[in-house]
Amino acid sequence: SELAEEDIGAAASLASLAFMDAEPYRYACGSNFDGAGRERLLRLLFEKTFLLRRARGCCHSACVMEPPTADGKDQTRVLVGHLMLVSPDVPQPGFCEMIRSGYFRGVAALGIHSTMRLARVTNWAEQIEAEVLAGRRAMRLEAMAVLPARQGCGVGTKLLQHVLHHADASRLAVILSTQDSRSAAFYGRLGFAVAREEVYPPANFRSWCMLREPA
């Protein structure tokens, strides 16, 4: 289902845990942030990003109802998975939107040097994706994360299959970039194929650009 407003914070926490050790963020943050610092920073950045993208219908989540506990706690709703599927018709957030969302707070916390590093690696990945697509329209999969306690239970598979039906209905391919070999294998099982494999020279990490054609 689409991400509910009250779940934005939980989705940001989930994504920050999933990506705090991702190579692009480790490279961008350098020695300025330890693991806990990267997690706090990414939580802020993801929260503002999800706030902006949710307004465009790009954020999707999976939730479960946890049963009451033995100590008397009521049944609770828990967010267990989240991703963004961005249509090619969705414009980049405007300057005023970014100000209203508070996005620049995250940029300020990151610092100018780290922000420039992150911008360069993002532009590098986006350039590879543009070359792979060669002018084709495609949806873009971003920020997929599953609650660690629910990994290996099919949550990610079901969530991704659900949103891929939307892409298939639109007859659009889906493109993504990942720097994790395990994630690349997971996406491969769901119909994505490696279109380009590159190494980012300044940090010497590997990145896989993957593409899934509409079913």
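Me: Let's start with a definition: contact means heavy atoms within 4.5 Å. With that cut-off, which residues does Phe-46 touch once residues up to four places away in sequence are not counted?

Reply: This is a predicted model, and in it Phe-46 touches Ala-12, Ala-15, Ser-16, Phe-19, Tyr-25 and Ala-143. Each of these counts as a contact because it has heavy atoms within 4.5 Å of Phe-46.

Me: What makes a set of residues a nonpolar core, and which residues have the most contacts inside the largest one?

Reply: The members have to be buried nonpolar residues, joined through side-chain atoms within 4.5 Å. The largest core here has 38 residues, and Leu-3, Phe-46, Phe-50 and Trp-124 have the most contacts inside it. Several elements supply at least two residues each, among them α1 (8-19), α3 (35-54) and β4 (173-178). Helix α6 gives the most, with 6 residues. There's also a second, separate core of 24 residues, which includes Val-80, Leu-164, Ala-167 and Leu-176.

Me: Why is Ile-128 called buried?

Reply: Buried means under 20% relative accessible area. Ile-128 has 8%, so the label fits. This residue lies in helix α6, and it touches Arg-196, Glu-198 and Cys-209, leaving out residues up to four places away in sequence.

Me: How do you know that Asp-168 belongs in its class, buried or exposed?

Reply: Same test. Asp-168 has 12% relative accessibility, and the cut-off is under 20%, so Asp-168 counts as buried. You'll find Asp-168 in helix α7 (residues 155-169). Leaving aside neighbours within four places in sequence, Asp-168 is in contact with Arg-212, Pro-214 and Ala-215.

Me: What makes a space a cavity, and how many of 30 Å³ or more are there?

Reply: A 1.4 Å probe has to fit there but be unable to get out. The structure holds 1 cavity of 30 Å³ or more, and about 30 Å³ of space lies in the largest cavity. Its lining is made of Ala-125, Ile-128, Ser-177, Glu-198, Ser-207, Trp-208 and Cys-209. Two elements give two or more residues to that lining, α6 (112-133) and β6 (205-212). Strand β6 gives the most, with 3 residues. By class, the lining has 4 nonpolar, 2 polar and 1 charged residues.

Me: How many disulfides does a search of the whole structure find, and why is Cys-153 not in one with Cys-63?

Reply: The search finds 0 disulfides. Cys-63 is in none, with the nearest cysteine sulfur, that of Cys-59, 13 Å away. For Cys-153, the closest cysteine sulfur is in Cys-63, 16 Å away; a disulfide needs sulfur atoms within 2.5 Å, so that is too far for a bond.

Me: Why is Cys-153 called exposed, and what is Cys-63 called?

Reply: Exposed means over 50%. Cys-153 has 52%, so Cys-153 makes the cut. Cys-63 has 31%, which falls between the two cut-offs, so Cys-63 counts as partly exposed.

Me: What makes Ala-134 stand out in its backbone?

Reply: Ala-134 has a positive phi of about 50° although it is not a glycine. Ala-134 is found in the loop between α6 and β3. With a relative accessible area of 65%, against a cut-off of over 50%, Ala-134 is called exposed.

Me: And how do you know that Asn-204 is exposed?

Reply: Asn-204 has 64% relative accessibility, and exposed means over 50%, so Asn-204 qualifies. Asn-204 has a positive phi too, about 60°, although it is not a glycine. Its place is in the loop between β5 (193-200) and β6.

Technical notes:
Residues are numbered from 1 along each chain as its sequence is written. This is a predicted model: local features need pLDDT of at least 70, side-chain atom pairs count only at pLDDT 80 or more; totals for chains, interfaces and linings use all residues. Side-chain values use heavy atoms; hydrogens and water are left out. On a 1 Å grid over the protein atoms alone, a cavity is a set of points where a 1.4 Å probe fits but cannot get out, and a pocket is an open set with protein on both sides within 12 Å along at least five of seven lines; lining residues have an atom within 4 Å of a point. Grid points are joined across faces, edges and corners, and a volume is the space filled by probe spheres set on the points. Helices (H or I, at least four residues) and strands (E, at least two) are DSSP runs, numbered from the N terminus. Ala, Val, Leu, Ile, Met, Phe, Trp, Tyr, Cys and Pro count as nonpolar, Asp, Glu, Lys and Arg as charged, and the others, Gly among them, as polar. Buried means under 20% relative accessible area, exposed over 50%, partly exposed in between (1.4 Å probe, protein chains only).
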